[in-house]
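The exercises below ask you to read a protein model step by step. Try each task with the structure in view before you turn to its solution.

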Amino acid sequence: PGGSAAGVGVVPFTGIGQYPANVLSNVLSRWTPSNPSQQVDYPRLGIATTTSNNYLGSSWWLKDGSYIRLKQASIGYTIYSAGMKKTGLASLYVYGAGTNLLTFSKFKLWDVELGSNGATYPPARTLVIGLRAQF
C-alpha cells in the first residue's frame with residue numbers, strides 16, 4: 001500500500017470510522033528490539049502523519065493471493081420404485097446445490113476476491129435443497 005488510496009485495510013490505528021481495528025493487536029504485533037520476530041503485522045509501527053512508515057509502499061505488504069474456490073456444485077438423484085407407483089408417484093428427484101462452498105487460501109485477512117483493502121462484502125454462500133415429484 002502506498003498513499004491514502006491503497007491498502008487502507010492494513011493501516012494501523014484506522015479503527016475510528018469505516019475500518020474498525022483492534023489497536024492493542026496493532027501495537028503488540030510489531031517489530032521491537034525485545035520482539036525481533038519477522039512474523040509481525042507491522043515491521044516498523046509509527047503514529048505520525050501519512051509520511052510515516054505505516055503509509056509507505058513496501059514489499060512487506062505483498063501477500064500470496066492465490067486461491068482455489070469451489071464456486072458452484074450441484075448433485076441430484078432420481079428415485080424410481082415399484083412401491084411408489086402404488087401411491088401415484090412416478091418418481092422423486094432429490095437435489096442439492098450451492099455457491100461459494102469452499103475456499104482454500106493462505107491469505108487470511110479477508111476474502112481474496114475483495115481486492116487490496118477488503119472493505120466490501122464477501123461473496124455470499126448459498127445452499128439449496130429440493131424435492132421434485134412426478135405423478
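**Exercise 1.** In this predicted model, find the polar atom of the side chain of aspartate 111 that lies 2.9 Å from a backbone nitrogen, and say which residue that nitrogen belongs to.

Solution. Begin at the side chain of aspartate 111, where a polar atom lies 2.9 Å from the backbone nitrogen of glutamate 113. Next, place the residue in the chain: aspartate 111 is found in the loop between β2 and β3. Then ask which residues it touches once those up to four places away in sequence are set aside, and the list reads Arg69, Pro122 and Pro123. Finally, decide whether aspartate 111 is buried or exposed. Its relative accessibility is 17%, and because buried means under 20%, aspartate 111 counts as buried.

**Exercise 2.** Work out the order of the strands in the sheet, and say which strands stand at its edges.

Solution. Start with the elements of the protein chain, which comprise two helices and three strands and run α-β-α-β-β from the N terminus on. Take the first pairing: strand β1, residues 67–79, and strand β2, residues 91–105, are antiparallel and share 12 bridges. Take the next pairing: β2 is joined by nine bridges to strand β3, residues 126–134, and these two also run antiparallel. Put together, the three strands form an open sheet in the order β1-β2-β3, with antiparallel pairing. Since β1 and β3 each have a single partner strand, they stand at the edges, and one side of each is therefore left without a neighbour in the sheet. As a last step, note how the strands are turned: ignoring direction, neighbouring strands of this sheet make an angle of 10° with each other on average.

**Exercise 3.** Follow the bridges across the sheet from isoleucine 79, naming its partner in β2 and then the partner of leucine 92 in β3.

Solution. Isoleucine 79 has leucine 92 as its bridge partner in β2. From leucine 92, the step into β3 leads to alanine 133. A further pair can be located in a similar way, for tyrosine 93 stands opposite arginine 132 in β3.

**Exercise 4.** Classify the two aromatic pairs of the model.

Solution. The count comes to two aromatic pairs. One of them is formed by tyrosine 93 and tyrosine 95, whose ring centres are 5.7 Å apart with 25° between the planes, and this pair is stacked. Both partners can then be checked for accessibility: tyrosine 93 is partly exposed at a relative accessible area of 25%, and tyrosine 95 is partly exposed at 33%. In the pair of phenylalanine 107 and tryptophan 110, the ring centres lie 5.5 Å apart and the planes stand at 75°, so this pair is edge-to-face. Here phenylalanine 107 and tryptophan 110 are both buried.

**Exercise 5.** Decide where the model calls for caution, using the stretches over which pLDDT stays under 50.

Solution. Look at the chain as a whole, which averages a pLDDT of 78, with 72% of the residues scoring at least 70. Then look at single stretches: pLDDT stays under 50 over residues 1–5, for which the model has 11 contacts beyond four places in sequence. Residues 16–20 also stay under 50, and there the model has five such contacts. Where pLDDT is low, the predicted coordinates should not be read in detail.

Definitions and conventions. Residues are numbered from 1 along each chain as its sequence is written. This is a predicted model: local features need pLDDT of at least 70, side-chain atom pairs count only at pLDDT 80 or more; totals for chains, interfaces and linings use all residues. Side-chain values use heavy atoms; hydrogens and water are left out. Two strands pair if DSSP finds at least two bridges between them. Helices (H or I, at least four residues) and strands (E, at least two) are DSSP runs, numbered from the N terminus. Buried means under 20% relative accessible area, exposed over 50%, partly exposed in between (1.4 Å probe, protein chains only). A polar contact is a pair of N or O atoms within 3.5 Å; within protein, one must be able to donate a hydrogen and the other to accept it, and residues adjacent in sequence count only if both atoms are side-chain atoms. Contact means heavy atoms within 4.5 Å. Axes are lines fitted to C-alpha atoms, for helices over the stretch in contact, and angles run from 0 to 180 degrees between N-to-C directions. pLDDT is the predictor's confidence in each residue, from 0 to 100. Rings of Phe, Tyr and Trp (its six-membered ring) pair if their centres lie within 6.5 Å; planes under 30 degrees apart count as stacked, over 60 as edge-to-face and the rest as tilted.
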